[in-house]
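Student: Hi! I would like to take a close look at one part of a protein model, and then see how that part fits with the rest. Could you walk me through it?

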Amino acid sequence: MAKKVVIIGAGGVGQVVAHKCAQVSEVFGDIVLASRTEEKCRAIAYGVKKKQRVDIRTARVNADETAQVIYLLEKEKPDLVINVALPYQDLPIMDACLATRTHYLDTANYEPKETAKFEYSWQWAYREKFEKAGVMALLGSGFDPGVTNVYTAYLAKHYFDQLEEIDIVDVNGGNHGQPFATNFNPEINIREVTAPCKHWENGSFVETKAMSEHRQFTCPDNVGTFDIYRMYHEELESLVTHIPTIRRAQFWMSFSQNYLNHLQVLQNVGMTRIDPVLYNGVEIVPLQFLKAVLPEPSSLGPLTKGRTCIGVIGQGQQKSHKKSVYVYNICSHEDAYEEVGSQAISYTTGVPAMIGAKMMMEGTWMKSGVWNLEQFDPDPFMAALNKYGLPWTVQDPPLVG
Ligand code: NDP
């Protein structure tokens, strides 16, 4: 039976989720898109009607206020909330889901506004409450986190007796032609890339200076060769917790020299600060002001050309041989724009959000409590990635000797 879903957040990712859910109307029979600025929801609804020939409804909600989300959920009575607003709203929306016994899914872990801290502790603390309420929360169902968690579980299940090392490599080989812009919410993106790096090494996280470690990476299928920088990313925490054979886990992301130069200047002049400063008698947070003057990620859709290449390289033992296996997806910015009107960063996040929601609504992945994606059987999710726009490839060199 078709289900009812409320999507919260009408940015780049929200747009993709709305289109992809509309494409799967046998599962998502009734879709409501709600956000702080309802005009943005209406613009997306118009696009969905035009491209997918599906009507979706819209609503206004400030998801910082649990009471407003509860009001919306009591009125709409959805089966599931897909939260693609900002990480700051995770806990208020989870509270509203608990109060109304509604299933929950997001794509980024909770962050308090005043510190750039990326950890699951706050959301994992909801486990018992969700179990007791008989509802499920699926955390981090985007690409990274999300598909990278599923890839890792898939490698552990099918390619290794013991998975020991993972390198998650996120390359954006696209170009939007702007002097400086971020591919998803600028505030969240800049908080993430300016944070100290942490990687997992023999049972604990080792901290190093942000962007201090880099190497070159050549992507398959002629996407190109890129400088990739080691940084902290939230899936490292859940993966080493749930797959304890992993001894070393690192996350790498590509950045152009141009992006890094701009970031360096912005940091040097204090524009990436997240503490309030007094300006003309008003408190402003420099990074929030910077977001207001940078291009909206959703405006990059028609401008971005090229491809992303995101994957996981796993190393470990199989039949007493040490081996390395690489699983990845390549996604074209232009194809994503053609299909849903968004660039590939939003597309690669929104498609897995829809797939995670579908897994839950069909009962394939359905358990009360709070879960990360690697805690479920990866096979049905991997099959759905091939079907719904993010096909993957495995490079598995033959064992030698
Ligand atoms: P955008 O900034 O483009 O969109 C965010 C949306 O959330 C906007 O519509 C915004 O409304 C809305 N919003 C913000 N605050 C509130 C609030 N208090 N109440 C209701 N709505 C609110 O971001 P993206 O679409 O690029 O990213 C969305 C999420 O996806 C983020 O959490 C991001 O971290 C995550 N993400 C995850 C990835 C992954 O692979 N796992 C990759 C990329 C992103 P308004 O327009 O009024 O500001």
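Student: Let's look closely at the strand pairing here: which residue in β11 does T218 stand opposite?

Tutor: Happy to help! Please keep in mind that this is a predicted model. The residue you are looking for is T225, which stands opposite T218.

Let's build up the surroundings of that pair. Strand β10 covers residues 214-219 and strand β11 covers residues 224-231. The two strands run antiparallel, and six bridges join them. Together β10 and β11 form a hairpin, with four residues between the strands. Have a look at D221 in this hairpin, where phi is positive, near 60°.

Now follow β11 to another partner. Strand β12, made of residues 248-254, also pairs with β11 in the antiparallel sense, over four bridges. One pair to find on your screen is M231 with F251, its bridge partner in β12. So β11 is a good strand to trace with your finger: β10 is joined to it by six bridges, and β12 pairs with it over four. As you trace, one general point helps: in a regular strand, side chains alternate between the two faces of the sheet.

Another strand to visit is β9, residues 204-208, which holds F205. Is F205 buried or exposed? It counts as partly exposed, because it has 14 C-beta neighbours inside 10 Å, and a residue would need 20 or more to be buried. Leaving aside residues up to four places away in sequence, F205 touches K198, H199 and W200. From F205 to G11 there are 194 residues in sequence and 33 Å in space, C-alpha to C-alpha.

For contrast, try K77, in the loop between α3 (66-76) and β4 (80-83). K77 is exposed, because just 11 other C-beta atoms lie within 10 Å and 12 or fewer is the limit for that class. K77 and D106 are 29 residues apart in sequence, and their C-alpha atoms are 18 Å apart.

Now let's step back to the whole protein. It has 14 helices and 18 strands, and its C-alpha trace spans about 65 × 55 × 40 Å along the principal axes. Its radius of gyration is 20 Å, which agrees with the value near 21 Å for a compact globule of 401 residues. Buried residues make up 49% of those 401. Among contacts with a separation of 6 or more, 73% are between residues 24 or more positions apart.

The protein is divided into domain 1 (3-141 + 349-382) and domain 2 (147-343). Their C-alpha centres lie 22 Å apart. Where the domains meet, 23 residues of domain 1 are in contact with 26 residues of domain 2. On the domain 1 side, α1 and α14 (378-387) are the elements that give two or more residues, and α1 has the largest share, with four. By class, that side has 11 nonpolar, nine polar and three charged residues.

Finally, where is the ligand? It lies between the two domains, because both give residues to the shell around it. There are 36 residues around the ligand, and G11, V13, A63, G142 and F184 come nearest. The elements that give two or more residues to this shell are α1 (12-23) and α13 (344-361). By class, the shell has 16 nonpolar, 16 polar and four charged residues.

Conventions
Residues numbered from 1 in each chain as written. Predicted model: local features only at pLDDT ≥ 70, side-chain atom pairs only at ≥ 80, totals over all residues. Near = placed C-beta within 6 Å. Nonpolar A, V, L, I, M, F, W, Y, C, P; charged D, E, K, R; others polar. Domains from an automatic or database assignment. Rg over C-alpha atoms; globule rule 2.2 N^0.38 Å. Contact = placed C-beta atoms within 7 Å. Pairing = 2+ DSSP bridges.
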